[in-house]
Amino acid sequence: MDTTNLAKDKKIIYAWLLFGIYFLMLIYMMFFGFSRSSFEESSYNLIPFKTIGNYVNNIGHYSARVIMINLIGNIIVFIPFGLFLSLLIPKLRKSSLLILVFIWLISSLELLQFVFSLGSFDIDDILLNTVGAWLGLKVLLTVRMALEN
């Protein structure tokens with residue numbers, strides 16, 4: 001029995017388990033967190049940088065907390081997503097492929113928020129979330145490179 005492969009298999013199982021927990025928490029936050037309830041009317045934004053520009057141009061109208069959650073939070077929350085995906089699926093360590101897969105996944109979740117009126121479909125959320133996933137990939141690649149040296 002090869003203990004090296006067994007240890008590696010256990011690490012992969014733990015990583016998938018952690019990803020599953022993270023993903024369930026993410027789904028909860030996207031659909032039920034922040035005191036979400038069903039809105040009577042769904043909202044959407046298909047114009048890139050419209051929402052981001054609104055926060056930047058009207059900074060005095062929003063609290064720092066609202067700005068942090070909507071801009072910085074939408075990036076930070078998805079760093080683990082990119083890290084886990086690229087760790088668990090080695091083919092996704094190529095930035096372009098990770099970004100394509102991630103955009104498909106996050107767009108699907110945004111669309112579900114819109115359909116069930118539990119949030120809005122916002123292209124800016126997709127852009128910010130994608131930056132977060134890309135940063136997660138870069139964190140993984142940087143750590144792996146540091147460990148190899």
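## Helix packing, a pocket and backbone features of a predicted model

In helix α2, which covers residues 50–57, the buried residues are I52, G53 and Y55. Viewed down the axis of α2, these buried residues fall within an arc of 160°, and they therefore line one face of the helix. K50 and N57, on the other side of α2, are exposed. The buried residues of α2 pack against two helices, α3 (64–76) and α6 (123–148). The coordinates discussed here are those of a predicted model.

### Overall architecture

The secondary structure of the protein chain consists of six helices and two strands. Read from the N terminus, the order of these elements is α-β-α-α-α-α-β-α. The C-alpha trace spans about 60 × 30 × 25 Å along its principal axes. The protein chain has 149 residues, of which 31% are buried. When contacts between residues at least 6 apart in sequence are considered, 77% of them join residues at least 24 apart.

### Helices α3 and α4

Helix α3 is bent by about 30°, and the bend is located at N70. Its buried residues are I67, L71, G73, N74 and I75. The packing partners of the buried residues of α3 are α2, α4 (79–88) and α6. The packing of α2 and that of α3 thus have a partner in common, since α6 is listed for the buried residues of α2 and also for those of α3.

In α4, the buried residues are F81, G82, F84, L85, S86 and L88. The elements that cover them include α1, α5 (95–115) and α6. As a general point, an α-helix has 3.6 residues a turn, so residues three or four places apart point the same way.

### The second largest pocket

What surrounds the second largest pocket, and how is its lining composed? The volume of this pocket is about 250 Å³. Its lining is formed by T4, A7, K8, K11, I12, A15, L87, L88, P90, R93 and R144. Two elements, α1 (3–31) and α4, give two or more residues to this lining. The greatest contribution comes from α1, which supplies six residues. By residue class, the lining of the second largest pocket divides into six nonpolar, one polar and four charged residues. L88 appears both among the buried residues of α4 and in the lining of this pocket.

### Residues with positive phi

Two residues other than glycine have a positive phi. For F49 the value is near 70°, and for S117 it is near 50°. F49 is placed in the loop between β1 (43–45) and α2, whereas S117 lies in the loop between α5 and β2 (120–122). Is each of these residues buried or exposed? F49 counts as exposed because its relative accessibility, 55%, is over 50%. S117 has a relative accessible area of 10%, which is under 20%, and S117 is therefore buried.

### Hydrophobic side chains with solvent accessibility

Three further residues, I59, L24 and I21, are described by their location and accessibility. I59 lies in the loop between α2 and α3, and at 55% relative accessibility I59 counts as exposed. L24 is found in helix α1; with a relative accessible area of 61%, L24 is exposed. I21 is also part of helix α1, but at 43% relative accessibility I21 counts as partly exposed, because this value falls between the 20% and 50% limits.

Each of these residues is paired below with a residue elsewhere in the chain, with C-alpha to C-alpha distances given for the separation in space.

| Pair | Separation in sequence | C-alpha to C-alpha distance |
|---|---|---|
| I59 and K138 | 79 residues | 30 Å |
| L24 and L85 | 61 residues | 15 Å |
| I21 and I123 | 102 residues | 26 Å |

The pair L24 and L85 joins an exposed residue of α1 to a residue that is listed among the buried residues of α4; α1 is one of the elements that cover the buried residues of α4.

Note on methods
Residues are numbered from 1 along each chain as its sequence is written. This is a predicted model: local features need pLDDT of at least 70, side-chain atom pairs count only at pLDDT 80 or more; totals for chains, interfaces and linings use all residues. Side-chain values use heavy atoms; hydrogens and water are left out. Buried means under 20% relative accessible area, exposed over 50%, partly exposed in between (1.4 Å probe, protein chains only). Helices (H or I, at least four residues) and strands (E, at least two) are DSSP runs, numbered from the N terminus. The arc is that of the directions from the helix axis to the C-beta atoms. Contact means heavy atoms within 4.5 Å. The bend at a residue is the angle between axes fitted to the seven residues ending there and the seven starting there. On a 1 Å grid over the protein atoms alone, a cavity is a set of points where a 1.4 Å probe fits but cannot get out, and a pocket is an open set with protein on both sides within 12 Å along at least five of seven lines; lining residues have an atom within 4 Å of a point. Grid points are joined across faces, edges and corners, and a volume is the space filled by probe spheres set on the points. Ala, Val, Leu, Ile, Met, Phe, Trp, Tyr, Cys and Pro count as nonpolar, Asp, Glu, Lys and Arg as charged, and the others, Gly among them, as polar.
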